[in-house]
Amino acid sequence: MLEINLSPLGVSQETASWVGVYVTFGGVVLALLMARLSDLLFGHLKITILLLMLAATVAFVWFLLLTSRHITFSSWQVQTSAALAGSLNYAVSPLFFELGMELGYPAPEDVLGSIMNFAWNTAGVLCLFSMQVTGGMEHCRGVVPLLHAGNWRNGTL
């Protein structure tokens, strides 16, 4: 997906692949750090999730502004913003599961974990299925025009 969105900007498939590697490693490292931080900040899990999601949103907006060329495009900024946004987004996942366990406390953790995991996977399958049914990214332009903000100026939407 990243290569599809970055290829019109002149970013190679190899560079986009390395950004995916950075997102994966960054997500793992940040998830471990956030897990430890949430242990130290017991009782403040919601605010930790909100702050991480806010930081991820800022990074996604930075990425959007770079790819739409509203701010000066440079390869290192695209790589950094994408890796930071994806890593922060992935780092929140275990905290969501932890919050779900805390909120559903009387119920057994395996039941709660199964329900949350089923919902998580169902959402992912529906997202991928909708892209298959609608023809992929070409039809997502009307649904999520912000992903293709750079095309607004030249009238290709």
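**Exercise 1. In which helix is the place of Leu 50, and which residues does that helix span?**

Solution. The structure is a predicted model, and the task is to locate one residue in it. Step one is to find the helix: Leu 50 has its place in helix α3, which covers residues 45-67. Step two is to ask how open the residue is, and here Leu 50 counts as exposed because its relative accessibility is 55%, while the cut-off for exposed is over 50%. Step three is to look at the surroundings: Leu 50 belongs to a nonpolar patch on the surface, formed together with Ile 47, Leu 51, Leu 54 and Val 58. Taken together, the residues of this patch have about 500 Å² of accessible area.

**Exercise 2. Describe the overall make-up of the protein, beginning with its helices and strands.**

Solution. Begin with the count, which gives six helices and zero strands, and then read along the sequence, where the pattern is α-α-α-α-α-α. Next consider burial: the protein has 157 residues, and 31% of them count as buried. The accessible surface comes to about 10,200 Å², and carbon and sulfur atoms account for 69% of that surface. Finally, turn to the contacts between residues at least 6 apart in sequence, of which 60% join residues at least 24 apart.

**Exercise 3. Which residues form the negative surface patch, and which helices each supply at least two of them?**

Solution. The members of the patch are Asp 39, Glu 98, Glu 102, Glu 109 and Asp 110. Comparing these numbers with the helix boundaries, one finds that α4 (75-103) and α5 (109-134) each supply at least two residues. Asp 39, for its part, is found in helix α2, which runs over residues 13-40. Because its relative accessibility is 54%, Asp 39 counts as exposed.

**Exercise 4. Is Ser 81 buried or exposed, and which residues does it touch beyond four places away in sequence?**

Solution. First place the residue, which is found in helix α4. Then apply the cut-off: buried means under 20% relative accessible area, and Ser 81, with a value of 0%, is therefore buried. Lastly, leaving out residues up to four places away in sequence, Ser 81 touches Ala 59, Trp 62, Phe 63 and Leu 66.

**Exercise 5. Examine Arg 69 and Ile 71, which are found in the loop between α3 and α4.**

Solution. Start with the backbone of Arg 69, whose phi is positive, at about 65 degrees, although the residue is not a glycine. To see why this deserves attention, recall that most residues other than glycine have a negative phi. Arg 69 counts as partly exposed because its relative accessibility is 43%. Ile 71 is likewise partly exposed, with a relative accessible area of 32%. Not counting residues up to four places away in sequence, Ile 71 touches Trp 62, Leu 65, Leu 66 and Gln 77.

**Exercise 6. How many residues apart in sequence are Met 34 and Leu 52, and how far apart are they in space?**

Solution. Met 34 has its place in helix α2, and since its relative accessible area is 14%, it is buried. In sequence, Met 34 and Leu 52 are 18 residues apart, whereas in space the distance from C-alpha to C-alpha is 9.2 Å. The two residues also touch, and Met 34 has further contacts with Ala 91 and Leu 95 when residues up to four places away in sequence are not counted.

How values were computed. Residues numbered from 1 in each chain as written. Predicted model: local features only at pLDDT ≥ 70, side-chain atom pairs only at ≥ 80, totals over all residues. Heavy atoms only, no water. Patch = residues over 30% accessible without salt bridge, like charges linked within 9 Å, V, L, I, M, F, W, Y side chains within 5 Å. Areas by Shrake-Rupley, 256 points an atom, 1.4 Å probe, with all protein chains shown as cover. Salt bridge = Lys/Arg side-chain N within 4 Å of Asp/Glu carboxyl O. Helix = DSSP H or I, 4+ residues; strand = E, 2+ residues; numbered from the N terminus. Buried < 20%, exposed > 50% of the residue type's maximum accessible area, 1.4 Å probe, protein only. Contact = heavy atoms within 4.5 Å. Lys, Arg positive; Asp, Glu negative; His and termini not counted. Charge placed at Lys NZ, Arg CZ, Asp CG, Glu CD.
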